[in-house]
Each structure stands twice: as C-alpha cells, then as structure tokens.
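These are my notebook entries on a structure that I went through by element. I looked up strand pairing, helix packing and the arrangement of domains.

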Amino acid sequence: MAVTGMRRHVRRSLLLVTVALFALASIGVASAQVGTPKPITDEARKIEDLWIFTLALAAVVFVVVEGALIYALVRFRKRNDELPAQTHGSTVLEFVWTGIPVLIVIALFTYSFIVLRDVENTAAAEDMTIEVQGFQFQWQFTYQLNDLGVNSDPAASGEISVIGTAAEEPTLVIPIDEPIEFRLLSNDVIHSFYIRDFLYKLDVVPGRDNRFVITARETGDYFGQCAELCGLNHALMRFKLKVVTRDEFDLWVAEQTGGTGDSAVRRAD
Ligand SMILES: [Cu+2]
C-alpha cells in the first residue's frame, strides 16, 4: 500500500517537473532572443556590474545561511532522549544578525542609487535625438537632419523616417561611441521600448515625454521589441538595431536622403 502511494507520488512529481521544463522552454522560444544579454552600452555595463554585485551578496548569504542550517541539522540531530544544552538570548549574536542585513541593505541602496543616477542621465544639446514613435503595431524612427550628433549640419532641414510594417521590421541605425537620446512617443496606447542588450526598457506613454540616453560601445546587429502588451498584434512589434561606426552612419544618412539633404520617408529597411 505504502509502496503504491510512493509510486503515485513519484509519478506526479515527474509530471510536474516535465510541465515546468516545457513552460521554461517555451519562455525561451517566445522571447525572440535566446542566451544571456550582452551589455553593449556604458549604461548597460553599469547595470550589469550592479547585478553581479547583488548576485554575489545573495550567494554569500545563501552559503552562510544554508551552511549554518545544515551544520545545525547534523550536529544537533536527535541521538537519544537527552536534550542538548538550552541557551536563550545572546546579545552578541542578535547584534550580528541585525547588523549584517542592515549593512547589506545600505550597500545595495547606495550602489543602486549611484547606478540609477548614472543611467538616467540627460542628453547634452549637441547629442543626437531620435524620435521613437510606437503605434499599433509597429515603430517609426525619426531623425532630424539638423540633429545628427557630431557631423550634424545645424542648417539642414528635413528628416529621415523609418516606418516598420507588419511584413517588415524596421531597422534603427545608430553610431557607436556617441551619446544618443531616444524620445519616446505614442498616440494610441502604452508601449514599451525594449532593446535587450541595453539591459533597459522604458514605457512609451501617450502624452508623456519619456527620454533616455545611451552610448553604444559595440557595433553589430541587435534586436528590440515592444515589451508592454498593447493589443492583438503586440508580438509583431519587433525591430532591429544596427550599431555602426560614424563613417558608416554618415553614409547611411546620405543614402537615405539621396545625398541631397532632402527629407526622406521610407518604409522599413
Ligand atoms: Cu506594443
């Protein structure tokens, strides 16, 4: 009887583990990108350092607490009916186990605050600002020709606008090693502008002027997507990010404007 019960228990546990594994696997597939994120901006690197610091502290706490627990379980297990020596209250111990967590909380708070202040910096006037318009269900990236950062011509007029469609994801092109400001706009519902390798996302809220600044440090192709359920085709709101050198960026701008400096509006690229 007991054996049958145990078998049923084992079978049920196996089923639960299998379901949990499938659920975990489906998360990996659902989120466009697999593997660990690679911090490609100054800001992302600071966020990653904070994450590692927090993880290390958590690991130390885990090892110490579990170690003490296992030690107590083994050392004071019941051997006979005699009770081990009973102690009640220890001022030193109580100070230690109150003091250490307080110090940990202070350290985490201070470090988080410093990183937050560094990450949520504001753009300088000369930095490039890219307007990011989220709409149901894609993105539009707009560059003002007189606001293109380093090689910008203040007298230039017009803009480059890249609009994504359901059939084609748009590509957001940015130069490396320059602060870029993203200005997030929406005319319909709340979206969220998320590029995984920035280790950062910010909501795109109608009527709110949400901005953030990054400096990319690695060229390459990356992915972004809307990270706020915004309607039926939310999942179609994916886009590409291309980080290029300044020369390649200037070339791209020239291509988009046909070298004339006129404004260019094009569908996804
Ligand atoms: Cu969305």
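I began with the pairing of β4 and strand β10 (residues 238–244), which run parallel and are joined by 5 bridges. I note that the model is predicted. Looking for a residue pair in this ladder, I found that I174 has V243 in β10 as its bridge partner.

I then looked up what packs on the sheet here. Helix α4 (residues 246–257) does so, and it touches both β4 and β10. I recorded an angle of about 130° between the direction of α4 and that of β4.

Next I traced the whole sheet. It is open, has 5 strands and follows the order β4-β10-β9-β6-β7. I entered its pairing as mixed. Which strands lie at the edges? I found β4 (171–175) and β7 (200–204), each of which pairs on one side only. For the twist I noted an average turn of 25° between neighbouring strands of this sheet, with direction ignored.

I turned to another strand pair. Strand β2 (residues 138–144) and β3 are antiparallel, and I counted 5 bridges between them. Within this pair, T142 stands opposite S161 in β3. I also asked which residues of strand β3 (residues 159–163) form its covered face. I160 and V162 do, while E159, S161 and I163 make up the uncovered face. S161, the residue opposite T142, is thus entered on the uncovered side.

I moved on to the helices. The axes of helix α2 (residues 42–75) and helix α3 (residues 91–119) come within 9 Å of each other and cross at roughly 170°. Angles over 145 degrees count as roughly antiparallel, and I therefore entered α2 and α3 as roughly antiparallel to each other. From α2, the contact involves E43, K46, I47, L50, F53, T54 and L57. On the α3 side I listed I104, L108, Y111, S112, V115, D118 and V119. I sorted the residues of this contact into 9 nonpolar, 2 polar and 3 charged.

Finally I looked up the domains. The domain assignment of the chain gives domain 1 (42–119) and domain 2 (128–267). How far apart are the C-alpha centres of domain 1 and domain 2? I recorded 43 Å. As to contacts, 5 residues of domain 1 meet 7 residues of domain 2. On the side of domain 1 that touches domain 2, I entered 2 nonpolar and 3 charged residues, and no polar ones.

Terms used
Residues numbered from 1 in each chain as written. Predicted model: local features only at pLDDT ≥ 70, side-chain atom pairs only at ≥ 80, totals over all residues. Domains from an automatic or database assignment. Contact = placed C-beta atoms within 7 Å. Nonpolar A, V, L, I, M, F, W, Y, C, P; charged D, E, K, R; others polar. Axes fitted to C-alpha atoms, helices over the stretch in contact; angles between N-to-C directions. Helix = DSSP H or I, 4+ residues; strand = E, 2+ residues; numbered from the N terminus. Parallel < 35°, antiparallel > 145°, perpendicular 65-115°, else oblique. Pairing = 2+ DSSP bridges. Buried ≥ 20, exposed ≤ 12 C-beta atoms within 10 Å, placed from the backbone.
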